[in-house]
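Reader: I am new to this structure and would love a friendly tour. Could you show it to me before we begin?

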Amino acid sequence: MGTSRKLRKTLQQLDQRMSRSNNSARKIKERTRKNTRLVKALKSGKLPYTPTVMSWLSQAIEKPSSQIVQADVEKFVASSK
């Protein structure tokens with residue numbers, strides 16, 4: 001019983017390592033596309049933005065979304081060029 005469990009665990013770890021290496025390139029590209037799309041949304045509008053944009057922006061400038069003002073958005077957009 002113990003050896004079959006150890007084998008499953010080893011195979012699971014191997015599978016996880018392979019998945020991580022295969023998916024990382026795709027995820028990096030997706031993050032780049034997402035950042036481009038959200039910066040474009042910031043440039044085209046004014047506060048209040050959609051919850052998706054506000055959540056991403058809050059994380060990007062490390063400030064709670066309720067405390068973000070238009071000046072913060074303009075400063076971030078200028079620095080992201």
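Author: Happy to! One term will help us: a residue is buried under 20% relative accessible area, exposed over 50%, and partly exposed in between. Please keep in mind that this is a predicted model.

Reader: Is Arg 33 exposed, partly exposed or buried?

Author: The relative accessible area of Arg 33 is 48%. Exposed would call for over 50%, and buried for under 20%. Arg 33 therefore counts as partly exposed.

Reader: Which residue forms a salt bridge with Arg 33?

Author: Look in helix H1, residues 2-44, for a residue about one helical turn from Arg 33, three residues apart. That partner is itself partly exposed, at 35% relative accessibility. The closest N and O atoms of the pair are 2.6 Å apart, and the partner is Glu 30.

Reader: How many salt bridges does the count come to?

Author: Besides the bridge between Arg 33 and Glu 30, Asp 72 forms one with Lys 63, with the closest N and O atoms 2.6 Å apart. Lys 63 is partly exposed, at 25% relative accessible area. The count comes to two.

Reader: Which element gives the most residues to the largest nonpolar core?

Author: That core has twelve residues, among them Leu 38, Trp 56 and Phe 76. The elements giving two or more residues are H1, helix H2 (51-61) and helix H3 (70-79). With four residues, the one that gives the most is H2.

Reader: Leaving aside neighbours within four places in sequence, which residues does Val 39 contact?

Author: Val 39 is itself part of the largest nonpolar core, as are Trp 56 and Phe 76. With those sequence neighbours left aside, the contacts of Val 39 are Trp 56, Phe 76 and Ser 80.

Technical notes:
Residues are numbered from 1 along each chain as its sequence is written. This is a predicted model: local features need pLDDT of at least 70, side-chain atom pairs count only at pLDDT 80 or more; totals for chains, interfaces and linings use all residues. Side-chain values use heavy atoms; hydrogens and water are left out. A salt bridge is a side-chain nitrogen of Lys or Arg within 4 Å of a carboxyl oxygen of Asp or Glu. Buried means under 20% relative accessible area, exposed over 50%, partly exposed in between (1.4 Å probe, protein chains only). A nonpolar core is a set of buried Ala, Val, Leu, Ile, Met, Phe, Trp, Tyr and Cys residues joined through side-chain atoms within 4.5 Å. Contact means heavy atoms within 4.5 Å.
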